[in-house]
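I keep this notebook to record what I looked up, one topic at a time. I begin with a strand and then move outward from there.

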Amino acid sequence: MNKIAQIFDSLDYGPAPEAPDQAIAWLDGHGRKFGHFIDGKWTKPGKTFNADNPATGASLAAITDGSAEDVDKAVKAARAAFKGWSALSGYERGKYLYAIARLIQKHSRLFAVLETMDNGKPIRESRDADIPLAARHFYHHAGWATHLERAFPDHVPYGVCGQIIPWNFPLLMLAWKIAPALAAGNTVVLKPAEFTSLTALLFAEICERAGLPKGVVNIVTGEGDTGAAIVNHPGIDKIAFTGSTEVGKIIRAATAGTGKGLSLELGGKSPYVVFEDADLDSAVEGLVEAIWFNQGQVCCAGSRLLVQESIEARFIAKIKARMAKLRVGDPLDKSVDIGALVAPVQVERIKDLMKKGAAEGAEIYEPDGTLPAKGCFLKPALVTNVSPANTLVAEEIFGPVLVAMSFRTPEEAVALANNTRYGLAATIWSENINLALDIAPKIKAGVVWINGTNNFDAAVGFGGYKESGFGREGGREGMASYLKPSWEKALKAAPASAAPAKAANNPLDAGGLDQTAKMYIGGKQARPDSGYNRPVLNGKGDLVGEVGEGNRKDIRNAVEAARGALGWGSTAAHARAQILYFLAENLDYRRDEFAARIKAQTGQDGGAEVAQAVERLFAFAGWADKYDGAVHNPPMRAVAAAMVEPLGVLGVVAPENRPLLGSIALIAPALAMGNTVVLVPSERAPLSITDLYQVLETSDVPNGVVNIVTGDAVSLAKTLAEHDGVDGLWYAGSAEGSTMVEKASVGNLKQTWTSRGLDFDLSDPRFAGDYFLARATQVKNVWIPYGA
């Protein structure tokens with residue numbers, strides 16, 4: 001029998017090796033030793049570390065380990081280039097981005113081979129996914145540059161952006177970061193991952209060939225200390241980081257109080273939900289893509305399989321049969337499905353996690369077959385017999401390991417899917433589109449794929465909820481994250497607050513009826529847990545009332561009430577608008593009473609402030625059913641619905657001035673978008689808000705949607721910032737308090753807005769629109785395939 005006949009008889013795959021000659025020639029042309037790319041020039045190599053081929057263990061090149069001095073030079077070069085680059089028209093910047101996109105396409109095979117040699121991923125993935133998507137991002141953002149002024153009026157670039165990318169998608173992550181930054185007019189200092197720096201260095205050559213002005217893009221290679229130097233450099237205006245949640249938390253703490261922009265795309269433990277009516281064979285193929293693509297080294301990998309109990313045995317059998325046919329081997333072989341993991345340390349980490357999971361009762365299945373004798377290879381693994389508390393279920397493994405559990409009802413599937421500190425992505429398989437579209441909004445993840453997985457496009461935002469980070473990459477949301485309102489640069493420090501007045505009389509001599517206002521929690525008036533009250537004095541020191549001294553337990557109770565009322569977010573936007581209109585109407589009925597209360601506390605005529613508060617409620621009632629999403633048309637048979645969703649429970653610490661408007665201006669956009677609120681009103685003049693709960697009770701606001709805790713603003717803000725049940729926190733106060741809030745929010749990486757001690761005049765009409773609406777929401781992109 002001839003060889004061809006044997007192949008058809010056995011259906012075995014033969015090798016299809018990709019020649020590495022050009023990549024080797026490129027490495028040899030640089031003497032296999034690289035410096036940094038700073039200010040349009042290559043530096044001499046300094047202290048170096050090796051870049052190894054994870055499939056063979058062979059050294060590819062020596063990479064310079066960047067120092068703080070190197071970072072400083074790069075930041076200064078970027079700063080010097082910023083004025084000229086940002087002054088170019090969008091059309092001129094777009095031409096450079098277009099040129100970069102074309103050059104990536106022209107050299108796509110070199111990029112693909114070099115990426116595979118450096119990273120270990122199969123050449124099919126580098127060639128067919130990573131490099132084309134990288135070029136797509138530069139094409140897409142060339143268009144954003146051209147239309148920036150129309151799409152984002154009154155916005156300006158941050159300045160110098162520090163960007164730190166991971167090793168799992170080296171060139172693609174670079175494109176996700178650099179393309180929007182340049183389109184917006186920023187300049188860049190980028191650090192690639194120490195394991196995978198080579199395609200970033202090749203990209204630097206592309207920038208040279210495109211004639212990009214010197215200093216606009218600077219590539220500084222190095223290990224963790226290099227990244228830390230970028231994060232902590234005072235000349236950096238924005239940090240964009242993709243990597244582990246642990247490092248993301250360190251960066252959040254390091255940037256607290258600096259005023260630097262920050263976007264974090266972090267880890268995940270994404271659910272892959274298969275219902276009993278799904279096309280099981282298609283779901284299995286999707287699962288291969290979800291968990292064994294790039295050896296499972298994907299932040300949004302579908303690593304948690306949730307399969308309906310009625311089909312569990314049949315589906316698991318299909319998975320095992322498919323696993324047996326996956327080919328593990330040389331990633332430069334075009335017939336290989338699973339390549340090498342990035343480094344020996346990653347292999348050992350995964351093995352240790354699997355041992356721990358097995359010790360906790362997990363059963364681990366691996367198909368038969370042998371692994372290559374050399375290199376960082378692992379077999380695909382399927383883990384069963386686990387509880388939600390098993391280490392392999394709870395922790396991000398970042399390897400070719402699938403963990404399977406079953407569910408009975410859609411409600412149980414949602415509960416299991418959301419039983420994680422992460423919220424990056426999710427996949428739903430069902431032939432019932434009504435079921436799929438019912439489940440998608442209920443899963444707390446930034447991206448949901450229906451009957452597909454790992455769909456990406458530059459026009460569609462990508463990013464997470466919860467400890468998967470905040471900010472988006474791609475699409476309009478990703479573009480917005482590299483811009484800020486132009487007026488923010490002109491903000492001055494808020495006027496210093498006057499020293500607290502001292503009581504001029506004895507509370508017992510006040511006469512009249514007791515005026516101790518209670519707190520408002522879960523739709524009921526509540527006494528403070530502390531048992532203490534605090535006086536409210538006017539500017540002369542006269543006692544005008546008392547309020548409760550809130551503490552940690554009061555915050556806990558308020559957060560529990562707010563979480564119990566999260567159904568407010570799924571209430572029809574029109575219904576939320578009606579309630580806000582009703583609230584404004586009822587406040588207007590009592591205009592004179594609230595104006596008098598403001599005057600009693602501040603000595604100022606309160607009529608204008610009440611009128612502004614009513615107007616602000618009307619404004620956001622109008623926005624409730626109008627600030628919504630979009631439908632994107634990526635270049636595939638699918639639409640991506642960008643759904644605007646509330647953050648969840650939002651803590652709001654109001655400013656000291658404007659006792660009524662200061663709170664209304666912040667809670668109105670939060671409520672309009674479906675958040676529930678724990679409000680700490682003005683510390684010195686809280687009575688306007690303790691009066692407000694009487695209006696809330698008569699305006700059909702559901703119990704728990706608004707909760708009011710009075711007391712020391714800074715200490716209550718700290719408790720809110722540390723509380724894992726709070727999803728976002730707005731703090732209007734001092735620079736020191738703002739720093740504390742941002743640092744204390746690290747626990748669950750809640751999104752924060754702080755005034756940083758600056759004079760945000762909340763009466764300004766600019767705050768009656770999308771400034772706070774955008775901060776009260778997050779965008780979920782739901783990918784929906786179409787066509788037979």
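**Entry 1: a strand and its partners**

I started with strand β16, residues 401-407, in what is a predicted model, and I asked how many of the residues of this strand are buried. Six of the seven are buried, so β16 is largely enclosed by the rest of the structure.

I then looked up which strands pair with β16. Strand β13, residues 304-308, pairs with β16 in the parallel sense, and I noted five bridges between them; at one position V307 stands opposite S406 of β16. Strand β15, residues 381-384, also runs parallel to β16 and is joined to β16 by three bridges. For this second pairing I wrote down two positions: A381 stands opposite V401 in β16, and V383 has V403 in β16 as its bridge partner.

A reminder to myself is that strands of a sheet pair through backbone hydrogen bonds, either parallel or antiparallel.

**Entry 2: the whole sheet**

Next I followed the pairing outward, and I found that the strands belong to an open sheet of ten, in the order β14-β15-β16-β13-β12-β17-β18-β33-β27-β26, with mixed pairing. Which strands stand at the edges of this sheet? They are β14 (363-365) and β26 (630-632), and each has a single partner strand, so one side of each is left without a neighbour in the sheet. I also noted that neighbouring strands are turned against each other by 20 degrees on average, when direction is ignored.

Two helices that lie against this sheet went into the same entry. Helix α13, residues 312-323, packs on the sheet and touches β12 (271-274), β13, β14, β15 and β16, while its direction makes about 135 degrees with that of β13. Helix α16, residues 410-417, lies across β12, β13 and β16, and runs at about 145 degrees to β16.

**Entry 3: two helices side by side**

I turned to helix α6 (residues 123-146) and helix α8 (residues 170-184), whose axes are 9 Å apart and which pack at an angle of about 5 degrees. An angle under 35 degrees counts as roughly parallel, which means that α6 is roughly parallel to α8.

I listed the residues that make the contact: from α6 they include I131, L133, A134 and F138, and from α8 they include L172, W176, I178 and P180. Sorted by class, the contact has 13 nonpolar, two polar and one charged residues.

**Entry 4: salt bridges**

A search of the whole structure gave me 38 salt bridges, and I looked at three of them in detail.

The first that I opened joins R136 to D457, with the closest N and O atoms 2.8 Å apart. This pair links distant parts of the chain, since R136 is in helix α6 and D457 is in the loop between β18 (447-450) and β19 (469-470), 321 residues away. Are these two residues buried or exposed? I found R136 partly exposed, at a relative accessible area of 26%, whereas D457 is buried, at 6%.

The second is between the side chains of E467 and K249, at 3.0 Å from N to O. E467 lies in the loop between β18 and β19 and K249 in helix α11 (residues 245-255), so this pair ties together parts that are 218 residues apart in sequence. I recorded E467 as buried, with a relative accessible area of 10%.

The third joins E722 and K718, with the closest N and O atoms 2.5 Å apart. Both residues lie in helix α25 (residues 713-722), four residues apart, which is about one turn of the helix. Both also count as partly exposed, E722 at 31% relative accessibility and K718 at 37%.

I then checked for shared partners, and found that salt bridges join E246, K249, E395, R421 and E467 into one network.

**Entry 5: a tyrosine in a loop**

My last look-up was Y158, which lies in the loop between β6 (155-157) and β7 (160-164). At 18% relative accessibility Y158 counts as buried, because the cut-off for buried is under 20%.

Which residues is Y158 in contact with, once its neighbours within four places in sequence are left aside? My list has N186, D237, K238, G261, S481, Y482, L483, K484 and K489. I also noted S486, which is 328 residues from Y158 along the chain, while their C-alpha atoms are separated by 9.6 Å.

Conventions
Residues numbered from 1 in each chain as written. Predicted model: local features only at pLDDT ≥ 70, side-chain atom pairs only at ≥ 80, totals over all residues. Heavy atoms only, no water. Axes fitted to C-alpha atoms, helices over the stretch in contact; angles between N-to-C directions. Parallel < 35°, antiparallel > 145°, perpendicular 65-115°, else oblique. Contact = heavy atoms within 4.5 Å. Nonpolar A, V, L, I, M, F, W, Y, C, P; charged D, E, K, R; others polar. Salt bridge = Lys/Arg side-chain N within 4 Å of Asp/Glu carboxyl O. Buried < 20%, exposed > 50% of the residue type's maximum accessible area, 1.4 Å probe, protein only. Pairing = 2+ DSSP bridges.
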